[in-house]
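The following exercises ask the reader to work through a structural model step by step. Please study the sequence and the coordinates before turning to the solutions.

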Protein chains: 2
Amino acid sequence: MVVAPKATARRAGQHRGLNRGSLTRELIVGAALRILDEGTAAGLTFARLGKELGASPTAVYRHFPSRESIVIAVADELIRLAIEDYEPSDVWEDSLRDLAERAWNTFAQHPAAAMHTFYRVTRGPHEIAAVDAILAAVHQAGWTGREAVLHYQTFSTLVLALSGSNAARLSASLDRAGEGPEWMQEYLPADPSRVPYVSALRDDLPQTDRRRVFQRLVEVLLDTMRADLPAKS
Amino acid sequence: MVVAPKATARRAGQHRGLNRGSLTRELIVGAALRILDEGTAAGLTFARLGKELGASPTAVYRHFPSRESIVIAVADELIRLAIEDYEPSDVWEDSLRDLAERAWNTFAQHPAAAMHTFYRVTRGPHEIAAVDAILAAVHQAGWTGREAVLHYQTFSTLVLALSGSNAARLSASLDRAGEGPEWMQEYLPADPSRVPYVSALRDDLPQTDRRRVFQRLVEVLLDTMRADLPAKS
DNA sequence: CGGCTTAGTCAATGACATTCACTAAAGTGA
DNA sequence: TCACTTTAGTGAATGTCATTGACTAAGCCG
């Protein structure tokens, strides 16, 4: 599915009556990602996609059976972007840290796309490559078999969940940019005495650096993994 | 907004022409949660809501300005359910563990609702109560001020992200129950040599107990917190 | 060169959120 | 008890959306 077609007549962005090989899965996925990036999380429609591609909205159905399937393709594209140029380090912790940062950054750069995809299984080639990259680092550390799988699952669950949640929050706040006041200060409820700690810390609570929390948690996990390391052979 | 109305004429589930006080925010939120629980994540529509309430679909607009606002109310309801009957323990670790389990369980019981809400800020009373409960445990452990906030953020980020991601995955797999084969075995790509570790572990990879991974990560965090504990006064 | 496959197009359908004018039920004040 | 006001529930209308099916012509195969 990823093989590029003959590309016989790829006249860039026509407006009426496209030629035969004008649309490809890659082109469509790229357009979808661009649309998701530019604004609201709900902005990905067939109409918008058609405009972006200079084609009829329904033309896309020749390449994808449903909106759903486009989203899944975007998911794999996101993974591809994340592990593009990735090179494993000699130090397994650095490899995992690098992979974690890549996931976080890619998701943060494409929040709307990430929030719709991070919890999905794409079965795509890049997803499997990413799994393999993590497993490679885990093996490098010294784990094998079931133990390796356990550490892979813990690491990837943590990284995906935190990066995806961050993307979802980013996307949600971009969506309502320009509405009521930000939740920053309004964290104050009716009766302060029922929530004494929140009231006392009202000025400190709103300031969250989610990236720092993420990095902290990744380091916590890496430390724990290091302490669990199997005896060297 | 949470104050129950006079409840003058709450004739349960009529079918035509409801009386005046028949609908309340609570009734609507309950119906919305029921609808989300029964099936697809996209099943929450005004039409469906009207049917569930035995009212006109548009009647709901008298209590909520938009679909979005209903979802936010459901979010706060979910938090309410999660911390219902919560009692802090004498041991701060037990309190945090309990809160973590409650979030996980509630989200797992209402996957569709959770996946649409876990990344949102409701500003509702229950959200604030939950924050306060976590902060109470953190203070009990001995942290105050900015340090307390940091530990609160780390804990809640971890728990919400993991519980929410789990809900999203649960909801997604419920949605496509009865489609193609589960992703269990098909994790095998084109060229096995490009992904040696995945190929070697193909039989172990599919078996994930996400709850166990969650509990593991919570314990890892609690251990790290314990090690960072401030000196006793 | 004639026919076949199929990508892109066009029009139609049905589900959906949201708006608006309407009506009457509940509350209010005397 | 009776006008009077407010507003919750209704029904019809609008515009957006995903998806489908029939149609047409572009490229391919012989």
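The exercises below concern a predicted model, and each is followed by a worked solution.

**Exercise 1. Determine the fold class of chain A and describe how its contacts are distributed along the sequence.**

Step 1. Count the elements: chain A has 9 helices and 0 strands. From the N terminus on, the order is therefore α-α-α-α-α-α-α-α-α.

Step 2. Consider burial. Of the 233 residues in chain A, 38% are buried.

Step 3. Consider separation in sequence. Among contacts in chain A with a separation of 6 or more, 65% join residues 24 or more positions apart.

**Exercise 2. Examine helix α4 of chain A and identify what covers its buried residues.**

Step 1. Helix α4 of chain A comprises residues 92-109, 18 residues in total. The distance from its first C-alpha to its last is 26 Å, close to the 26 Å expected at 1.5 Å a residue.

Step 2. List the buried positions of α4(A): A:Trp92, A:Ser95, A:Leu96, A:Leu99, A:Ala100, A:Arg102, A:Ala103, A:Trp104, A:Thr106 and A:Phe107. An α-helix has 3.6 residues a turn, so residues three or four places apart point the same way.

Step 3. Identify the cover. The elements over these buried residues include α3, α5 (111-117), α6, α7 and α9 of chain A.

Step 4. Follow one residue of the helix outwards. A:Leu99, one of the buried residues of α4(A), is in contact with A:Ile134. Leaving aside neighbours within four places in sequence, A:Ile134 also contacts A:Tyr152, A:Phe155 and A:Ser156.

Step 5. Place A:Ile134 in the wider model. The largest nonpolar core has 127 residues, and A:Ile134 is among those with the most contacts inside it, together with A:Ile28, A:Ala32, B:Ile28, B:Ala32, B:Ile134 and B:Leu217.

**Exercise 3. Establish how chains A and B are related and characterise the surface through which they meet.**

Step 1. Superpose the copies: a turn of 180 degrees and a shift of 0.0 Å along the axis lay chain A on chain B with an RMSD of 0.0 Å. The two copies are thus related as by a two-fold rotation axis. In chain A, the C-alpha nearest the axis belongs to A:Ala161, at 2.6 Å.

Step 2. Count the interface: 45 residues of chain A are in contact with 45 residues of chain B. Elements of chain A giving two or more residues to this side are α6 (125-141), α7 (145-175), α8 (196-200) and α9 (210-228). The most come from α7(A), with 16 residues.

Step 3. Classify the residues. The side of chain A that touches chain B has 28 nonpolar, 9 polar and 8 charged residues.

Step 4. Compare the two sides. Because 98% of the interface residues of chain A are also interface residues in chain B, the copies meet through the same surface.

**Exercise 4. Describe the protein surface around each DNA strand.**

Step 1. Around DNA strand C there are 25 residues, of which A:Leu23, A:Ser56, A:Thr58, B:Arg20 and B:Thr45 come nearest. By class, this surface has 9 nonpolar, 11 polar and 5 charged residues.

Step 2. Around DNA strand D there are 25 residues, with A:Thr45, B:Leu23, B:Ala55, B:Ser56 and B:Ala59 nearest. The classes here are 9 nonpolar, 10 polar and 6 charged.

Step 3. Assign elements. In chain A, α2 (46-53) and α3 (67-83) each supply at least two residues of the surface near DNA strand D.

**Exercise 5. Is A:Met225 buried, partly exposed or exposed?**

Step 1. Locate the residue: A:Met225 is found in helix α9 of chain A.

Step 2. Apply the cut-off. A residue is buried if 20 or more other C-beta atoms lie within 10 Å of its own. A:Met225 has 19 C-beta neighbours inside 10 Å, and therefore counts as partly exposed.

Key:
Residues are numbered from 1 along each chain as its sequence is written. Chains are lettered from A and ligands numbered from 1 in the order in which they are written. This is a predicted model: local features need pLDDT of at least 70, side-chain atom pairs count only at pLDDT 80 or more; totals for chains, interfaces and linings use all residues. A nonpolar core is a set of buried Ala, Val, Leu, Ile, Met, Phe, Trp, Tyr and Cys residues joined through C-beta atoms within 7 Å. A residue is buried if 20 or more other C-beta atoms lie within 10 Å of its own, exposed if 12 or fewer, and partly exposed in between; C-beta atoms are placed from the backbone. Two residues are in contact if their C-beta atoms, placed from the backbone, lie within 7 Å. Copies are superposed by least squares on the C-alpha atoms of residues with pLDDT of at least 70 in both. A residue is near a molecule or strand if its C-beta atom, placed from the backbone, lies within 6 Å of it. Ala, Val, Leu, Ile, Met, Phe, Trp, Tyr, Cys and Pro count as nonpolar, Asp, Glu, Lys and Arg as charged, and the others, Gly among them, as polar. Helices (H or I, at least four residues) and strands (E, at least two) are DSSP runs, numbered from the N terminus. The expected span of a helix is 1.5 Å times one less than its number of residues.
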